[in-house]
Amino acid sequence: MTGGPSTAATAVPSLRARIGTLLVWDLVTGDKQYLPLPAHDCSGYNGAVLCAAGHTDHRDCHLCPFLVAFVFSDDRDFITSACIFSSETGAWGEITSIVIPDALVLPKPTALIGNTIYFLLDNNSIIEFVLDKHSLDLVEEVPYTYDQTIIMPTKDGCLGLAGVERFNFNLNLWSEVASIDGVVTWTHLRVIELEKILAPEAVSACMVGGIGAHAVGCAVDADVIFIDVYPRIYMIHLKSMKIKEVSK
Ligand SMILES: [Zn+2]
């Protein structure tokens with residue numbers, strides 16, 4: 001691997017899977033690359049496209065070599081596996097696997113922190129794929145169960161988590177914090193009362209829909225979080241608390 005792998009919220013290509021292939025799609029240049037899937041039986045899968053050129057500014061990433069870290073689960077034996085594709089070799093590396101009973105990886109935002117990518121499972125636990133050691137491990141459960149949870153890197157390089165409580169529209173932000181003796185625990189950082197910053201008609205439309213509000217993504221560098229308040233998506237700037245609708 002050249003330099004440290006890194007992702008950017010918008011500058012690196014996105015990843016989509018369709019039958020038998022994985023599409024790496026650069027949404028800025030329109031470039032598409034189809035990769036063969038590393039396995040045929042995936043009941044759940046997720047992945048991340050990583051810069052392999054050591055760029056710190058991912059605006060340079062469009063023509064750079066990339067890696068795809070792909071994690072997939074099989075619902076017959078609950079084996080979850082991970083492997084890495086390199087655009088430089090054009091091939092997938094070795095597959096590493098663990099058994100996690102009754103859990104499948106979810107297609108949700110991943111969190112890259114240092115050399116480790118974190119993935120959410122559908123049983124509210126988190127696995128880590130350590131890229132340089134090529135190891136896959138179950139790390140922990142989420143600290144609180146929301147209808148929809150997302151994980152993210154925090155500004156200070158820890159694992160963070162966001163979720164909206166179903167009945168009160170409160171967006172909760174959590175972060176892992178290590179104590180002096182090295183014990184890592186989840187800390188509840190912040191509660192944002194979405195009802196106070198959303199237009200009343202947005203709240204009532206969402207309530208009529210009965211689906212509730214969900215955290216769906218974030219851009220850590222920009223300090224923003226994206227919230228699905230059915231039927232719209234909003235972007236909240238966490239410093240200024242400005243909120244903006246980004247789609248209908
Ligand atoms: Zn790059």
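**Backbone details in four places**

Let me start with proline 231, which sits in the loop that runs between strand 18, residues 224-229, and strand 19, residues 232-237. What we are looking at is a predicted model, and in that model the peptide bond joining tyrosine 230 to proline 231 is cis, with an omega of about 5°. As background, most peptide bonds are trans, and most residues other than glycine have a negative phi.

That second point leads to two further loop residues. Asparagine 124, which is not a glycine, nevertheless has a positive phi of about 65°, and its place is in the loop between strand 10, residues 116-120, and strand 11, residues 125-130. Is asparagine 124 buried or exposed? It counts as partly exposed, because it has 16 C-beta neighbours inside 10 Å, and a residue would need 20 or more to be called buried, or 12 or fewer to be called exposed.

Histidine 134 is also a residue other than glycine with a positive phi, in this case near 55°, and it is found in the loop between strand 11 and strand 12, the latter covering residues 135-141. Histidine 134 counts as partly exposed because 14 C-beta neighbours lie inside 10 Å.

Finally, I turn to a residue within a strand, tryptophan 25, which belongs to strand 2, residues 21-25. Because tryptophan 25 has 15 C-beta neighbours inside 10 Å, it counts as partly exposed. If you want to place it relative to tyrosine 45, the two are 20 residues apart in sequence, and their C-alpha atoms are 17 Å apart in space.

Conventions. Residues numbered from 1 in each chain as written. Predicted model: local features only at pLDDT ≥ 70, side-chain atom pairs only at ≥ 80, totals over all residues. Helix = DSSP H or I, 4+ residues; strand = E, 2+ residues; numbered from the N terminus.
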